[in-house]
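Visitor: Hi! Could you walk me through this one with me asking whatever comes to mind?
Guide: Happy to, just fire away.

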Amino acid sequence: MSVITLDHVTKKFGDSVVVNDISDEFRDGEFITLLGPSGCGKTTMLRMIAGFEKPTSGEIRIDGKVVSSADTFVPPEKRELGMVFQSYAVWPHLNVFANVAYPLKIRKVPKAEIKEKVEKVLEAVHLSQYAKRMPSELSGGQQQRVALARALVAEPKVLLLDEPLSNLDAKLRERMRFEIKEIQARLGINVVYVTHDQGEAMTMSDRVFVINSGVLQQVGTPVEIYRKPENQFVADFVGKVNFLKGVSENGKIKLDGIDGTLDYSGEITGAVDVAVRPENIRISEENAHFRGKLLSEYFTGDTNDCRITAGGNELRMITDAATYKHFSDSETIGLYITDFIVFPASDSDFRKIMT
Amino acid sequence: MENKKKFYFDVKWLFIIAIVGFLLVFQVFPLVYLLIRAFFAEGSFSLDAFTRIYSTSMNWSCVLNTLITASLSMVFGVLIAFPLAFLVGRTNLYGRKLFRTLFLMTYMVPPYVGAMAWLRLLNPKVGTLNVFLESIFGLSEAPFDIYSIGGLVWVLTTFYYPYAFITLSRAMENMDPSLEEASRISGASPVKMLFTVTLPLMLPSIASSALLVFVAAASCYGIPSIIGAPAKIYTITTRIVDYVYVGSAEGLTDATVLAVFLMVLALVILFISNFVIGKRDYITISGKSVRPNTVDLGKWRIPLTILTGLFAVVVIVIPFASVFATSFTVNMGKSVFEEGNFTIKYWETIFSRNSIVKSAGNSLISSVWAASLGMIVCIIMAYLLKRTNVRGRSIPDFLITVGSGTPSVVIALSLIMTMSGRFGINIYNTIWIMVIAYMIKYMLMGMRSVVSALSRVSPSLEEAAQVSGAGWLRRLKDVVFPLIGPSVVAGWFLIFMPCFYELTMSNMLYSDKTKSLGVDLFLYQTYHSQQTAAALAGAILILVAVLNIVLSKLTKGKFSI
């Protein structure tokens, strides 16, 4: 239904750069997630799209119309967006119906139509029977649905969500992921979703924007950013990963301290960082790339979560639950790497990071 | 287990009983006695006394004057405080910090100082400001007359709007900014947002701040006694004090009835704002740090800053400056800047005249006692209230709140009636009757300070020390006191300061030997020498300012007043 264009958008608070020169286009009907650690600038980015912050430089366009630039600024109330706030921001002096009806009242929609639309949207978020309740009589999850209904009721071109699930308990959080995704798919609207939870980003998004310290690290589908992270930060922030240092030469990678090599068909040569996901390490005596000593193992139900040391490297391996208690502690086992990612060596040592 | 608990005697009860006992004897009993006396003046139930209030025009007019001046001050106070709180708290006005300090300063200045200043500025014949305006605009007579209902309302308003300012600022700053943003993103313009979201959310705070100003203005004695008396405008408070001075039985009965009227008015309002409005208060402090968004004033930024600055100059700078100017003036009919009209002899007087030094000493002793005893009560009560679930722990808190909400004249009158030997306790004419009156009136300030400090200290901090093996006293010493210490000191000063220059209760309770600083100042202002009074007031202003700075440093800005 609409296209959001970011054109060299930069935001500074005083001297600190919060968003650094981001350009991209959110396409029609896309579910976009801005993902990054807290303080990375993702919320500021969202607030600039909403119109609560002015970019220091650069331009933002919605459907080709400039909403923020050096000489134009459209205030939030004129942008026809829907937004769900992290604190929900459900007005405590209005009941559920009045909260949801508010955007329509502002737009001077006739009363009968307001009633019809509010009832419809309340039904969509499963709150029909709560229309007369005051917010203080609702649970956190219900308040969150009120906020969602209010954001959707005026049929906005774009729905902005600022960590909407972070205050909910784990079970509800997981259910709401699917409900939000389903509503988005049904209405076909654009969603810009801010989160620091990579699980949410993976399950809901069409494209994920990974941001760190105001700098866009990678844009891609969930599969792309997981399987083909463009740098160590993305590999580390999205999913779990082990980092090893090594040298790439003649289609082989020699890992530091490890007796054994990996076959590599990529183009990077010289000193490299090798990222290995814990689930891409397998136990195999016959195809073993190298051998490691089992330090500890934890049974999680569906997997066996192991710590292994190999030549001074500590590795995490997540493997089949059936292997639990198969080996004794400190036993040396053969390890096979099914997949790995190679980066040119960076100055910082990522090996210490165990996630 | 259940049975054992029943017989378990909690030591904490001893403290509660001691404190409640103290409050029952010195606060509840005297107030209840006033009530009884008002209805049973001649031994049997009668409303005669009340009918007399309505039938004698002298009494009736003072009730009317009180209601009129308090209502008008309330309306004007809120009308002034709301925009100020908004400008200072939520916009990019220049000099917001300075303005905040200025507006809050009035809060700790004794009201009679304001009355003195405005008397000097707006006297219809020689008022400095009147004379100035006359010469500028070529007027044939003074534009303002302080000796009027309008003058009284003006001074009351300029002194009590800070009460509303504090409440409203706090509410505005604690509001979750996304509540307003949600309105903007829903399509509301800033003005529409103000009327549909901000104002409705603020309504409980506006109402309670208005009531606060009303009660403060209605209970005030210093301002109406200095301004109203020469103008023959009497209020309930000045009338009560007059009756007490006369001392006849009928006079005391009339005073009692007027006091009961004022007390009921104040306590009903206290109840409404605490329990009715308080329940509807939407402004809750969330655990998250709330950063209210700042409204950009755009092209209005400079004009509004100038306007706010003008207001501060008129309401704060000019009156305080006039007090200091007066204290250096030889002939009150001429400007202090005229040749030979400048002197420092009044400042020498206040530090050398025996009677004044003696009064200052009396005030120092009684307010140190009131603050120290008061803080002991406050610390124990705050601890029981916040850290235990002993039953009845909130009773003293309730009584302390009621005591502070009771008008000063009423507290003093009730103590005069009950503590002069009639019921086995005679502390009349001693310093102790003043200490007790001060404690009842001002303990709440200390209580608030300690309670809020304790609320900020998470119980888990103490539990962590407990788990580490620290006993009760050790925990207090190692964890609790270092964290709440500054607030305890702040609380002590918050009780000490208003007691030190207290006028209303002291004026009714003093004897020759226990004359306090406030009383002395008042007597100089009314009968002897306005310059001496001004010098005393100036000294008090400096003391307040210095203590305020110390407090602010001590608590890192949390508890300056």
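Visitor: Let's start with the hairpin of β12(A) and β13(A): which residue there takes a positive phi?
Guide: That's Gly257(A), with a phi near 75°. The hairpin has 5 residues between its strands. Bear in mind that this is a predicted model.

Visitor: Noted. How many bridges pair those two strands, and in what sense?
Guide: There are 3 bridges between β12(A) and β13(A), and the pairing is antiparallel. As an example, Lys252(A) has Asp263(A) in β13(A) as its bridge partner.

Visitor: And where do the side chains of β12(A) point?
Guide: They alternate along the strand, which covers residues 252-255 of chain A. Ile253(A) and Leu255(A) point to one face and are buried. Lys252(A) and Lys254(A) point to the other face and are not buried.

Visitor: What about β11(A), how is that strand joined to β12(A)?
Guide: By 4 bridges, with the strands running antiparallel. β11(A) spans residues 242-249, and its Ser248(A) is bridged to Ile253(A) in β12(A), one of the buried residues I just mentioned. These two strands also form a hairpin, with 2 residues between them.

Visitor: Which residue in that turn has a positive phi?
Guide: Asn250(A), at about 50°.

Visitor: OK, zoom out for me. What is the strand order in the whole sheet?
Guide: The order is β13-β12-β11-β14-β20 in chain A, which makes 5 strands in an open, antiparallel sheet. At the edges sit β13 (261-263) and β20 (341-344), each pairing on one side only. From one strand to the next, the twist averages 40°.

Visitor: How many bridges join β14(A) to β20(A)?
Guide: There are 4, and the strands run antiparallel. β14(A) covers residues 270-276. Asp273(A) stands opposite Phe343(A) in β20(A).

Visitor: Switching topic: how many cavities of 30 Å³ or more turn up?
Guide: The count comes to 4. The largest has a volume of about 80 Å³.

Visitor: Which residues lie nearest the centre of the largest cavity?
Guide: Leu81(A), Gly82(A), Arg150(A), Ala151(A) and Ile185(B), out of a lining of 13 residues.

Visitor: So which elements supply the lining?
Guide: At least two residues each come from β6 (81-84) and α4 (140-152) of chain A and from α9 (177-185) of chain B. β6(A) gives the most, with 3 residues.

Visitor: And how do the lining residues divide by type?
Guide: For the largest cavity it's 8 nonpolar, 2 polar and 3 charged.

Visitor: Let's hop over to chain B. How many helices and strands does chain B have?
Guide: Chain B has 24 helices and 0 strands. Of its 561 residues, 53% count as buried. Looking at contacts in chain B with a separation of 6 or more, 76% are between residues 24 or more positions apart.

Visitor: I've clicked on Glu502(B). Where does Glu502(B) lie?
Guide: In the loop between α21 (472-500) and α22 (504-509) of chain B.

Visitor: Why does Glu502(B) count as buried?
Guide: Because its relative accessibility is 3%, and buried means under 20%.

Visitor: What is Glu502(B) in contact with, leaving aside its neighbours within four places in sequence?
Guide: Ser408(B), Tyr438(B), Tyr442(B), Ser516(B), Gly518(B) and Val519(B). As for Val435(B), 67 residues away from Glu502(B) along the chain, the C-alpha atoms of the two are separated by 11 Å.

Conventions: Residues numbered from 1 in each chain as written. Chains lettered and ligands numbered in written order. Predicted model: local features only at pLDDT ≥ 70, side-chain atom pairs only at ≥ 80, totals over all residues. Heavy atoms only, no water. Pairing = 2+ DSSP bridges. Axes fitted to C-alpha atoms, helices over the stretch in contact; angles between N-to-C directions. 1 Å grid on protein atoms, 1.4 Å probe; cavity = no way out; pocket = protein on both sides within 12 Å on 5 of 7 lines; lining within 4 Å. Points joined across faces, edges and corners; volume = space filled by probe spheres on them. Nonpolar A, V, L, I, M, F, W, Y, C, P; charged D, E, K, R; others polar. Buried < 20%, exposed > 50% of the residue type's maximum accessible area, 1.4 Å probe, protein only. Contact = heavy atoms within 4.5 Å.
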